[in-house]
Amino acid sequence: MPKTENSQWYVEQVADGELHSHALSNTLVQGKSQYQAYAIVESPLFGKMLVLDGDTQSAALDEHIYHESLVHPACAAAGAPRSALILGGGEGATLRELLRVPSMQRVVMVDIDGEVVGACRRLMPEWSAGAFEDRRTELIVGDAKAYVEGSTETFDVVLSDLTEPLEDSPSYGLHTNGFYRATRARVAPGGAYAIQTSMAGPHNFGVHARMIATLRASWPAVAPYTAYIPAFDTEWGFALCADVLDARSAAAAARADEHARACGGLRHYDGQSHTRAFNLPRYLRDGYAAEKRVFE
């Protein structure tokens, strides 16, 4: 074990035979809500970290990579989106990024765990950067599945910032073929949907590939993409979905550059990072071709 002045370590099992460890300097809160165990801790290397059911959700050092990757490809694809829906998104950073978009007029965020949202607002306010107080924000503490299936409203952009479809996760039922189809109905014509799709490293991409297969059973156009997230220590998967996509074209990269300039203050997303994200290695492309199972 490397030498450290910290006596406390947070150890996360990310897969069979794989552990990630972070030295901790402080635990700001630790508890168990009605839905999940949660903690907000501090790492000397990564800063504040949100942990849900023992899994790292985001870290101060690199959360901008994750959240910009989730939000901005969909917004660039949608053109000048005026409305957005977030499923999950407890830290408020996805909300923060949507409110950077100059055309954005309304964002609805639906998260089931008000206790975690409250802890993030209290102890990690820099994640949301005032987004919860913005007049364009409508925060709903409730079931995202019930909201999607019970609503008739459509949005220019819909983002799924939910935990992966693991059986012990409160999000498990929000990653089925049927629910993806229900979510598609909430996307306005010409709009876009983006979702985080779990680990996409060469040693551990089974859930990711199955999520992509499920999305492709529900959407006419699905473009998987990835970004390396240091706090996760792996390539992380996402997917952009729409009726029509050209995510790998020169025109898409140009739109990404134009979108990034308009938003201002971005630290990760632009035309070059867009191009890198959507040009995937062969192991993933082969994995998508081989995976036929969908989440039912």
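## Starting in the middle: β7

Let's begin with strand β7, which is mostly covered: six of its six residues are buried. This is a predicted model, so read everything below as a description of that model. β7 runs parallel to β8, and five bridges join the two. One pair to look up is Leu87, whose bridge partner in β8 is Val110.

## The seven-stranded sheet

Where does β7 sit in its sheet? The strand order is β9-β8-β7-β10-β11-β13-β12, in an open sheet of seven strands with mixed pairing. Strands β9 (137-141) and β12 (221-229) are at the edges with a single partner strand each, so one side of each has no neighbour in the sheet. Going from one strand to the next, the twist averages 15°.

On the other side of β7 comes β10 in the strand order, followed by β11. β10 (residues 155-161) and β11 (residues 187-199) run parallel and are joined by five bridges. Within that pair, Leu159 has Ala194 of β11 as its bridge partner.

## Helices against the strands

Which strands does helix α6 (residues 177-184) lie across? They are β7 (83-88), β10 and β11, and the helix runs at about 145° to β11. Helix α9 (residues 271-278) packs on the sheet too, touching β12 and β13 (234-242), and its direction makes about 110° with that of β12.

Back in α6, the buried residues are Asn177, Phe179, Tyr180, Ala182 and Thr183. Their cover includes the strands β7, β10 and β11, along with the helices α5 (144-150) and α7 (206-216).

Helix α2 (residues 93-100) is mostly covered, with seven of its eight residues buried. Those seven are Ala93, Thr94, Leu95, Arg96, Glu97, Leu98 and Leu99, so if you were scanning for buried charged side chains, note that Arg and Glu count as charged and that Arg96 and Glu97 are both on this list. What lies over the buried part of α2 includes α1 (63-78), β7, β8 (106-111), α4 (125-128), β9 and β10.

## The largest pocket

How much space lies in the largest pocket? About 980 Å³. It is lined by 48 residues, and the ones closest to its centre are Asp55, Gln57, Leu162, Thr163 and Glu164.

Strand β1 (residues 8-15) gives the largest share of this lining, with four residues. By class, the pocket lining is made up of 18 nonpolar, 17 polar and 13 charged residues.

## One enclosed cavity

How many cavities of 30 Å³ or more turn up in a search of the whole structure? There is one, and the space in this largest cavity is about 60 Å³. Its lining consists of Ser69, Pro73, Tyr225, Thr226, Ala227, His268, Tyr269, Ser273, His274, Ala277 and Phe278.

The cavity ties back to a helix and an edge strand we've already met: α1, β12 and α9 each supply at least two of its lining residues. α9 provides the largest share, at four residues. As for chemistry, the lining of this cavity has six nonpolar and five polar residues, with no charged ones.

Note on methods. Residues are numbered from 1 along each chain as its sequence is written. This is a predicted model: local features need pLDDT of at least 70, side-chain atom pairs count only at pLDDT 80 or more; totals for chains, interfaces and linings use all residues. Side-chain values use heavy atoms; hydrogens and water are left out. Two strands pair if DSSP finds at least two bridges between them. Axes are lines fitted to C-alpha atoms, for helices over the stretch in contact, and angles run from 0 to 180 degrees between N-to-C directions. Contact means heavy atoms within 4.5 Å. On a 1 Å grid over the protein atoms alone, a cavity is a set of points where a 1.4 Å probe fits but cannot get out, and a pocket is an open set with protein on both sides within 12 Å along at least five of seven lines; lining residues have an atom within 4 Å of a point. Grid points are joined across faces, edges and corners, and a volume is the space filled by probe spheres set on the points. Buried means under 20% relative accessible area, exposed over 50%, partly exposed in between (1.4 Å probe, protein chains only).
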